[in-house]
Amino acid sequence: MSNIFISYSHLDEDWKNRVAKQIGVLSRAGLDSWDDRRIAAGDDWHPEIQQAIERCDVAVLLISADFLTSSFILDKEIPLLLQRRQEQGIRVIPLIVRPCAWQRIDWLKGIQARPQDGKPLSGMSLHDAEAALSRLAGEIADLLLAPPSNASFMPPSRPGTPSSAASIWQEKLEFLRQQEAICADPAQKFALKKQIEEAEAKLKALS
């Protein structure tokens, strides 16, 4: 399951719910969104958010004036997300929900935003806004679920190789490592690393 972290101001909760709903359409395909409303009563919310950031594959930022004036978002969430973007290649996607001067924010203006051309969702008709969110969900699915460089398919067993589950997973692991070695795209490389970790865990369970 691929994890999408949704960062938002609670004043934009309606938009967050609409984003989560569109991503939820693809939940059975392997996408799962997370936001702070999933923190259970009694849990320590700050560590929960930090852990969600650390395990996410994509982050969607719901950009508005309230988002860009939230001390917690700017001081706690954004630095962690930008660090992971730089070091691990996760995709951080700004989603412009309401008009604000986001193009003047240094850390934000250089990141490609959605909807196309940074047109705020709030200025769209209901149909156009839903279409834009549907396209975003599809774009995230293409990024996380499509096999990067055909690397996530299970290679066929070699002639004469035992057909046990362990040998098949070993072949897949070798194939993924080869693909990671030649992959130049940071996001795809990160996705390959996750697949390698999953294959290693499966092999360990089978041994």
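Two residues are in contact when heavy atoms of theirs lie within 4.5 Å. In this predicted model, 68% of the contacts between residues at least 6 apart in sequence join residues at least 24 apart. The protein chain has 207 residues, of which 42% are buried. Its secondary structure comprises 7 helices and 4 strands, and these follow one another along the sequence in the pattern β-α-β-α-β-α-β-α-α-α-α.

The strands offer a suitable starting point. Strand β3 pairs with β1 in the parallel sense, over 4 bridges, and I4 stands opposite V58 of β3 in this pairing. Strand β3 also pairs with β4, again in the parallel sense, here over 6 bridges. Two of the facing positions may be named: L61 has P94 of β4 as its bridge partner, and I63 stands opposite I96 of β4. Strand β3 thus takes part in a pairing with β1 and in another with β4.

How many of the residues of β3 are buried? The count is 6 of 6, and the strand is described as mostly covered. Both of its faces are covered, with V58, V60 and L62 buried on one side and A59, L61 and I63 buried on the other. For β4 the count is 5 buried residues of 6, so this strand is largely enclosed by the rest of the structure.

From the strands the reader may turn to helix α1, which covers residues 13-24. Its 12 residues, at 1.5 Å a residue, should span 16 Å, and the C-alpha atoms at its ends are indeed 16 Å apart, so the expected span and the model agree. An α-helix has 3.6 residues a turn, so residues three or four places apart point the same way. The buried residues of α1 are E13, W15, K16, V19, A20, Q22 and I23. Which elements do these buried residues pack against? They pack against the strands β1 (2-7), β2 (31-34), β3 (58-63) and β4 (91-96), and against helix α5 (126-144).

Empty space inside the model is the next topic. Rolling a probe the size of a water molecule over the atoms shows where empty space is left. With a threshold of 30 Å³ or more, the model contains 1 cavity, and the largest cavity holds about 40 Å³ of space. Its lining is formed by H46, I49, Q50, I53, F72, K76, E77 and L80. Helices α2 (45-55) and α3 (71-88) each contribute at least two residues to this lining. By character, the lining residues divide into 4 nonpolar, 2 polar and 2 charged.

The loop between α4 and α5 holds two points of backbone geometry. Most residues other than glycine have a negative phi, and most peptide bonds are trans. The peptide bond from R114 to P115 is cis, with omega near -5°, and P115 is placed in the loop between α4 (106-109) and α5. In the loop between α4 and α5 the reader also finds D117, whose phi is near 65°, a positive value in a residue other than glycine. Is D117 buried or exposed? Its relative accessible area is 73%, and because the cut-off for an exposed residue is over 50%, D117 counts as exposed.

The account closes with two residues from helices α6 and α7. R177 lies in α6, which covers residues 165-182. Its relative accessibility is 38%, so R177 counts as partly exposed. Leaving aside residues up to four places away in sequence, R177 touches I196 and E200. R177 and K193 are 16 residues apart in sequence, with their C-alpha atoms 8.3 Å apart in space.

F190 belongs to helix α7, residues 186-206. With a relative accessible area of 13%, F190 is buried, since buried means under 20%. Which residues does F190 touch, not counting those up to four places away in sequence? They are C56, D57, R84, Q88 and I90. F190 and R91 are 99 residues apart along the chain, and a distance of 9.9 Å separates their C-alpha atoms.

Note on methods: Residues numbered from 1 in each chain as written. Predicted model: local features only at pLDDT ≥ 70, side-chain atom pairs only at ≥ 80, totals over all residues. Heavy atoms only, no water. 1 Å grid on protein atoms, 1.4 Å probe; cavity = no way out; pocket = protein on both sides within 12 Å on 5 of 7 lines; lining within 4 Å. Points joined across faces, edges and corners; volume = space filled by probe spheres on them. Nonpolar A, V, L, I, M, F, W, Y, C, P; charged D, E, K, R; others polar. Expected span 1.5 Å × (residues − 1). Buried < 20%, exposed > 50% of the residue type's maximum accessible area, 1.4 Å probe, protein only. Pairing = 2+ DSSP bridges.
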